[in-house]
Amino acid sequence: MATRLRPANKKCTVIGGCGFLGQYMVERLLDKGYTVNVFDIRQGFQDERVQFFIGDLCSKKDLLPALQGVNVVFHCASPDPFSDNKELFYRVNYTGTRTVIESCKEAGVQKFVLTSSASVIFEGKDIKNGSEDFPYAKHPMDYYTESKILQEKEVLSTNDPENNFLTVAIRPHGIFGPRDPRLVYVLVETAKSGKMKCMIGNGKNLVDFTYVENVVHGHILAAEHLHKDSPLCGKAYHITNDEPIPFWTFLSRILIGLNYEEPKYHIPYWLAYYLALFVSLLVFIISPFIKINPTFTPMKVALAGTYHYYSCEKAKKDMGYKPVVSLDQALERTIQSHSHLRKNS
Ligand SMILES: NC(=O)C1=CN([C@@H]2O[C@H](COP(=O)(O)OP(=O)(O)OC[C@H]3O[C@@H](n4cnc5c(N)ncnc54)[C@H](O)[C@@H]3O)[C@@H](O)[C@H]2O)C=CC1
Ligand SMILES: CC(C)CCC[C@@H](C)[C@H]1CC[C@H]2C3=C(CC[C@]12C)[C@@]1(C)CCC(=O)C[C@@H]1CC3
């Protein structure tokens with residue numbers, strides 16, 4: 001049997017490779033002829049073409065074996081955005097990412113692609129066609145976002161062409177698709193519990209939801225366009241579906257596709273926001289005695305009730321990015337793949 005030769009500059013490690021985005025990254029990289037290592041704290045799937053390294057990214061000792069002979073590292077690991085654990089976000093996303101960078105430098109990795117988030121510029125106020133020139137949020141809405149800002153700043157500031165270490169950050173927003181462990185499940189659970197009756201605000205607020213394969217495409221293009229003299233060095237890029245959609249229309253299309261009722265009533269944005277603030281305050285006061293993770297936080301209300309869509313013109317210009325799957329196709333595939341959650345009529 002002929003052995004397929006894999007060029008040395010196509011060896012990569014996907015940190016967080018067992019997660020939702022990470023596994024799609026792995027599959028596409030294999031299709032494109034890369035040799036792929038996965039580093040994750042848990043083993044989420046099996047694939048004989050992949051070498052798995054199970055460990056904590058906060059540990060250099062765990063990381064180093066996964067980085068030997070590797071050119072490109074994709075860092076898409078993070079704690080769950082809704083885990084509400086300030087210490088964990090800081091330790092994994094900030095100091096952990098510093099450890100990852102140090103380990104990459106020590107192992108001679110040349111390119112580092114971070115999965116950041118478009119939320120790093122979101123403060124709960126409308127953003128329409130936001131560009132990468134917008135400043136980081138001065139008052140991030142939760143610890144997750146705060147840690148993603150620290151993480152992105154750290155990664156971009158360590159770009160060092162002189163020493164052959166190049167970095168770039170990809171900022172997706174609202175990743176969705178088949179195998180997503182979060183979005184559709186939360187929606188269906190909320191609908192089943194009868195809490196999906198009201199839209200927050202007037203229902204017209206446009207947002208970006210980005211199909212997972214487009215996010216993967218943006219990451220791989222970034223790695224392939226990251227060279228010493230390229231404009232990508234030390235920069236952040238929004239990657240979206242380039243088709244902003246009203247937040248509640250997006251959710252309704254999934255709900256209707258799975259035979260659930262769409263929300264019909266409206267509650268004013270300010271009312272929902274202050275209610276969520278009040279609940280957060282109560283949760284904080286009782287937190288020494290009881291731990292509660294509220295469904296509606298000010299961040300979730302802001303995500304559901306404001307405009308926040310981002311321009312991906314810079315990615316189009318600098319790396320030839322163009323979404324590979326349209327929003328219609330993406331919704332169809334996502335609904336189809338979640339047919340086990342369909343409500344029987
Ligand atoms: N899901 C979304 O809508 C968005 C996600 N992002 C970012 O995309 C990235 C991937 O997100 P998802 O795939 O949705 O998350 P996910 O939770 O499915 O995957 C994250 C992976 O990181 C691993 N991980 C967590 N802590 C680790 C540690 N200490 N050491 C090693 N591995 C660890 C987890 O085991 C998991 O497999 C994250 O950086 C997230 O911040 C950005 C924008 C939107
Ligand atoms: C119950 C409903 C009102 C809301 C259900 C949908 C939500 C689960 C998702 C809608 C927008 C999503 C989103 C994220 C997580 C899932 C949603 C809130 C992120 C917070 C994930 C991490 C990020 O970096 C930013 C994302 C923004 C959009």
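The lining of the second largest pocket is made up of 17 nonpolar, five polar and five charged residues. The model is predicted. This pocket has a volume of about 860 Å³. In total 27 residues line the pocket, and D84, D142, Y143, S280 and T297 are the closest to its centre. Three helices each give at least two residues to the lining: α4 (143–157), α8 (269–286) and α9 (298–305). Helix α8 provides the largest share, with six residues.

A UniProt annotation falls in this part of the chain. The record, an unreviewed entry, lists a "transmembrane region" at residues 270–290. In the model, residues 270–290 are 81% helix and 0% strand. The end C-alpha atoms of this span lie 28 Å apart.

A second annotation covers a domain. UniProt, again in an unreviewed entry, places "domain: 3-beta hydroxysteroid dehydrogenase/isomerase" at residues 14–264. Helix accounts for 37% of residues 14–264 and strand for 19%. From one end of the span to the other, the C-alpha atoms are 42 Å apart.

Ligand 1 is considered next. Its surroundings comprise 24 residues, of which F20, L21, D40, Y144 and K148 come nearest. Polar contacts to ligand 1 involve both backbone and side-chain atoms. A polar backbone atom of L21 is 2.9 Å from an oxygen atom of ligand 1. For I41, a backbone N or O atom lies 3.3 Å from a nitrogen atom of the ligand. Y144 instead uses its side chain: a polar atom there lies 2.6 Å from an oxygen atom of ligand 1. On its own, ligand 1 exposes 830 Å², and the protein buries 89% of that area. Helices α1 (20–31) and α4 each supply at least two residues of the shell. By class, the shell around ligand 1 holds 11 nonpolar, eight polar and five charged residues.

Ligand 2 has its own shell. It consists of 14 residues, and S117, S119, Y144, H173 and T190 come nearest. Y144 is thus listed among the nearest residues for ligand 1 and for ligand 2. A polar side-chain atom of Y144 is 2.7 Å from an oxygen atom of ligand 2. The side chain of S117 also places a polar atom 2.7 Å from an oxygen atom of this ligand. Alone, ligand 2 has 600 Å² of accessible area, of which the protein covers 89%. Two helices, α5 (183–192) and α7 (247–257), are the elements that give two or more residues to this shell. Nine residues of the shell around ligand 2 are nonpolar and five are polar, while no charged residue is present.

Terms used
Residues are numbered from 1 along each chain as its sequence is written. Chains are lettered from A and ligands numbered from 1 in the order in which they are written. This is a predicted model: local features need pLDDT of at least 70, side-chain atom pairs count only at pLDDT 80 or more; totals for chains, interfaces and linings use all residues. Side-chain values use heavy atoms; hydrogens and water are left out. A residue is near a molecule or strand if one of its heavy atoms lies within 4 Å of it. A polar contact is a pair of N or O atoms within 3.5 Å; within protein, one must be able to donate a hydrogen and the other to accept it, and residues adjacent in sequence count only if both atoms are side-chain atoms. Accessible areas come from the Shrake-Rupley method with a 1.4 Å probe; for residues, only the protein chains shown count as cover. Helices (H or I, at least four residues) and strands (E, at least two) are DSSP runs, numbered from the N terminus. Ala, Val, Leu, Ile, Met, Phe, Trp, Tyr, Cys and Pro count as nonpolar, Asp, Glu, Lys and Arg as charged, and the others, Gly among them, as polar. UniProt positions are given in the numbering used here, feature names are shortened, and annotations may be inferred rather than shown by experiment. On a 1 Å grid over the protein atoms alone, a cavity is a set of points where a 1.4 Å probe fits but cannot get out, and a pocket is an open set with protein on both sides within 12 Å along at least five of seven lines; lining residues have an atom within 4 Å of a point. Grid points are joined across faces, edges and corners, and a volume is the space filled by probe spheres set on the points.
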